[in-house]
Amino acid sequence: MSDQNPNLRSDESPDRIMDLHQSVMREQEEPTDGLTSSPVLFLLGCFFLAGWCGYYIGTNSGNWEGNVFNEKIGSGAAAAAPSAPQDPMVLGKELFGNCLQCHKENGMGLPGEFPPLVASEFVTGDSRRLTGILLRGLKGELTVNGAKYNGEMPAWRDAFNDEEIAALATYIRNTWGNKAPPVSKELVASTRKELAEQSGSWVAETLAAWAATAPPVPAPAAAPAPTGAAPPPGK
Ligand code: HEC
């Protein structure tokens, strides 16, 4: 007893410990001294990866600008000129969304219900009369391109400002093959003033009578000479 390590239990005699470790030593490699060569392929792989990462960041970083949407852009010049003056044709097209429901995308309206804007004398003719229609609305019997209508178009004077009415008029005068000079917002402003006292919509007769009168101010530059007689009276 005295030559035995007092910390060992009886079944942990030195022999038995040697036995146990034998198998471990057999199965695990002895560590050796010195350097082993790094796996060349692994190193090459690392270099390739690092190079590729550099290339990827270089071409896709978007100059590290937070506001660059397209990360492949070359310089920060991406967000150019957001506030160019509004083109009336663009604004008019946008606002025409309010007219689509009745006059339709192709401007042809609906036979018997909504008159066409295409090739309509009301659209391409006297710009003051067109402005008046848009500002005050129009109802009752009306003949457009030889076909009779009897509907009601809302007034737009409260919905749109002068610039917007001018853009709408300019847009419908120059779309679907229509071709007529643009309508200025000055004309809309003076027509709006002229009609300020009048309430309710036009009917064909009141519209024709008003259009035949000279505007109070000398005709603005944008108003073309009336291209024809007043439209055929409603009845
Ligand atoms: C609710 C349907 C409706 C909407 C929306 C509408 N219109 Fe009309 N529009 C009519 C009707 C109906 C007439 C014919 C009125 C009549 O019979 O007296 C008309 C007549 C016209 C006319 C004169 C006749 C012609 O065909 O040339 C013009 C110009 C016109 N609309 C432009 C517009 C514009 C521009 C808009 C959009 C801002 C618009 N309309 C929105 C129903 C509508």
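Which residues does methionine 89 touch, not counting residues up to four places away in sequence? In this predicted model, methionine 89 touches Thr170, Tyr171 and Asn174 when those sequence neighbours are left out. That small set of contacts is a handy way into the structure, and we will come back to it after a look at the whole chain.

**The chain as a whole**

The chain holds 9 helices and 2 strands. Following the sequence from its start, you will meet them in the pattern α-α-α-α-α-α-β-β-α-α-α. Of the 235 residues, 22% count as buried. If you take the contacts between residues at least 6 apart in sequence, 65% of them join residues at least 24 apart.

**Where H3 meets H7**

Now back to methionine 89, whose place is in helix H3. Its C-alpha atom and that of isoleucine 172 are separated by 8.8 Å, although the two residues are 83 residues apart along the chain. Is methionine 89 partly exposed or buried? Methionine 89 counts as partly exposed because it has 14 C-beta neighbours inside 10 Å, and a residue needs 20 or more to be buried.

Helix H3 covers residues 88-95, and it packs against H7 at an angle of about 90°, with the two axes 7 Å apart. H3 and H7 are therefore roughly perpendicular to each other. On the H3 side, the residues that take part are Pro88, Met89, Leu91, Gly92, Lys93 and Leu95, and they meet Glu164, Ala166, Ala167, Leu168, Thr170 and Tyr171 in H7. Sorted by class, this contact of H3 with H7 has 8 nonpolar, 2 polar and 2 charged residues.

Leucine 168 is one of the H7 residues in that contact. Leaving out residues up to four places away in sequence, leucine 168 touches Gly92, Leu95, Phe96, Leu134 and Phe160.

**The nonpolar core**

Leucine 168 also appears in the largest nonpolar core, which has 25 residues. Those with the most contacts inside this core are Ile133, Leu134, Ile165, Leu168 and Ala169. The elements giving two or more residues to the core are H5, H6, S1, S2, H7, H8 and helix H9 (204-212). Which element gives the largest share of the core? H7 does, with 7 residues.

Helix H8 runs over residues 185-194, and its buried residues are Leu187, Val188, Ser190 and Thr191. What covers these buried residues of H8 includes H6 and H7.

**Around the ligand**

The ligand is surrounded by 28 residues, and the closest are Cys99, Cys102, Pro115, Gly151 and Met153. Elements that give two or more residues to this shell are helix H4 (100-103), helix H5 (121-124), helix H6 (127-136), strand S1 (138-144), strand S2 (147-153) and helix H7 (162-173). By class, the shell has 19 nonpolar, 7 polar and 2 charged residues.

**Two residues with a positive phi**

Most residues other than glycine have a negative phi. Two loop residues deserve a glance here, and the table sets them side by side.

| Residue | Phi | Loop | Other C-beta atoms within 10 Å |
|---|---|---|---|
| Alanine 119 | about 55° | between H4 and H5 | 14 |
| Tryptophan 176 | near 55° | between H7 and H8 | 14 |

Alanine 119 has its positive phi although it is not a glycine. Alanine 119 is partly exposed, with 14 other C-beta atoms within 10 Å. Tryptophan 176, also a residue other than glycine, has a positive phi too, and it is partly exposed.

**Pulling it together**

Helix H7 is a good element to follow through this model. H7 packs against H3, gives the largest share of the nonpolar core, is among what covers the buried residues of H8, and gives two or more residues to the shell around the ligand.

Conventions
Residues numbered from 1 in each chain as written. Predicted model: local features only at pLDDT ≥ 70, side-chain atom pairs only at ≥ 80, totals over all residues. Near = placed C-beta within 6 Å. Helix = DSSP H or I, 4+ residues; strand = E, 2+ residues; numbered from the N terminus. Nonpolar A, V, L, I, M, F, W, Y, C, P; charged D, E, K, R; others polar. Axes fitted to C-alpha atoms, helices over the stretch in contact; angles between N-to-C directions. Parallel < 35°, antiparallel > 145°, perpendicular 65-115°, else oblique. Contact = placed C-beta atoms within 7 Å. Buried ≥ 20, exposed ≤ 12 C-beta atoms within 10 Å, placed from the backbone. Core = buried A, V, L, I, M, F, W, Y, C linked by C-beta atoms within 7 Å.
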